[in-house]
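Take a moment to turn the structure around on your screen before reading on. Then use this short report as a guided tour.

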Amino acid sequence: MSSKPPCVTLKLVLLGDGRVGKTSLVLRYVNNVFSEKQEATVQASYLTKRLVIEGVPITLAIWDTAGQERFQALGPIYYRDADAALLVYDIMDNNSFIRVRNWVKELQQMASKNITMAIAANKSDLLRSRKFDRQEAESYATSIGAKLFLTSAKLGTGIDEVFLDIATRALQIKRSTGGLSPALPRKGTIIVDDEPEKEPQMKCCS
Ligand code: G3D
Ligand code: MG
């Protein structure tokens, strides 16, 4: 009788300025929807997505903000026990890129030292109307051990890629820090299903 691989819950938090498209990215990823009018004051939301990465069932627990970032009021309690942080900025708004750099500094000081980071340069569908220094953004991402993805919640591009990248790297860290048994089969990635939830349930994959 073969034993089931352990299931893993990874906590991922979204960070970035207000209106850069954090909520839109999560809703596109989990529910495959996009709304031109995204309410600014939606409640703090928690959504889950199930994946199987290299044979390991994963529940990705995604935490979005309730808009507190607009009042500089997102404290460490939000990201303290996060396995991963997706830093989002608006490709049309240089201030929001500067804000990402500030978030990174804060995470480096306050979050788990093993936190996995990725950067989403969002609203890439608007790129035509502006020059974008991709190299600068990419070299910054590399300098903090992250990867840069151009995303568009509107078009649905780059989104599966960024979430898969961050989940895969966070899983590797869990493995290397002893959070998982090492001898698991490598089977590629299968998206199992999406499961919006109202309340956090950190139980995982049963
Ligand atoms: P936030 O959660 O970071 O605050 P939202 O951001 O997801 O609420 O999005 C803020 C605004 O940006 C919304 O428009 C939303 O439709 C828009 N938006 C989000 N992602 C994209 C994208 O990829 N491309 C484009 N063109 N727009 C996007 P409103 O009109 O409500 O301000
Ligand atoms: Mg939001």
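The paragraphs below look at the ligand and its surroundings, then at two loop residues, and finally at two pairs of helices. Please keep in mind that this is a predicted model.

**Around the ligand**

Let's start with ligand 1. Which residues come nearest to ligand 1? Of the 21 residues around it, these are Arg19, Lys22, Ser24, Asp125 and Ala153. If you sort the shell around ligand 1 by class, you find four nonpolar, eight polar and nine charged residues. The element that gives the most to this shell is H1, with three residues.

Some atoms of ligand 1 pair up with polar atoms of the protein. The table lists three such pairs.

| Atom of ligand 1 | Partner in the protein | Distance |
|---|---|---|
| oxygen | polar backbone atom of glycine 21 | 3.0 Å |
| oxygen | polar backbone atom of serine 35 | 3.1 Å |
| nitrogen | N or O atom in the side chain of asparagine 122 | 3.2 Å |

How much of ligand 1 does the protein cover? On its own, ligand 1 has 660 Å² of accessible area, and the protein covers 87% of that.

**Two loop residues with positive phi**

Now look at the backbone on either side of H1. Arginine 19, which you have already met beside ligand 1, sits in the loop between strand S1 (8–15) and H1. Its phi is near 75°, a positive value in a residue other than glycine. Asparagine 32 belongs to the loop between H1 and strand S2 (46–53). Asparagine 32 is not a glycine either, yet it has a positive phi of about 55°.

**Two pairs of packed helices**

Here is a handy idea for this part: two packed helices are described by the angle between their axes and the distance between the axes.

Begin with helix H1 (residues 22–31) and helix H5 (residues 159–176), which pack at an angle of about 90° with their axes 10 Å apart. Since angles of 65 to 115 degrees count as roughly perpendicular, H1 and H5 are therefore roughly perpendicular to each other. On the H1 side, the contact is made by Leu25, Arg28 and Tyr29, and on the H5 side by Ile159, Asp160 and Phe163. Four of the residues in this contact are nonpolar, none is polar and two are charged.

Next, find helix H3 (residues 94–110) and helix H4 (residues 134–143). Their axes cross at roughly 5° and come within 12 Å. Angles under 35 degrees count as roughly parallel, which makes H3 roughly parallel to H4. Here Phe97, Val100, Arg101 and Val104 of H3 meet Glu136, Ala137 and Tyr140 of H4. By class, this contact of H3 with H4 holds five nonpolar, no polar and two charged residues.

Note on methods
Residues numbered from 1 in each chain as written. Chains lettered and ligands numbered in written order. Predicted model: local features only at pLDDT ≥ 70, side-chain atom pairs only at ≥ 80, totals over all residues. Heavy atoms only, no water. Axes fitted to C-alpha atoms, helices over the stretch in contact; angles between N-to-C directions. Helix = DSSP H or I, 4+ residues; strand = E, 2+ residues; numbered from the N terminus. Parallel < 35°, antiparallel > 145°, perpendicular 65-115°, else oblique. Contact = heavy atoms within 4.5 Å. Nonpolar A, V, L, I, M, F, W, Y, C, P; charged D, E, K, R; others polar. Near = heavy atom within 4 Å. Polar contact = N/O pair within 3.5 Å; in protein donor to acceptor, adjacent residues only side chain to side chain. Areas by Shrake-Rupley, 256 points an atom, 1.4 Å probe, with all protein chains shown as cover.
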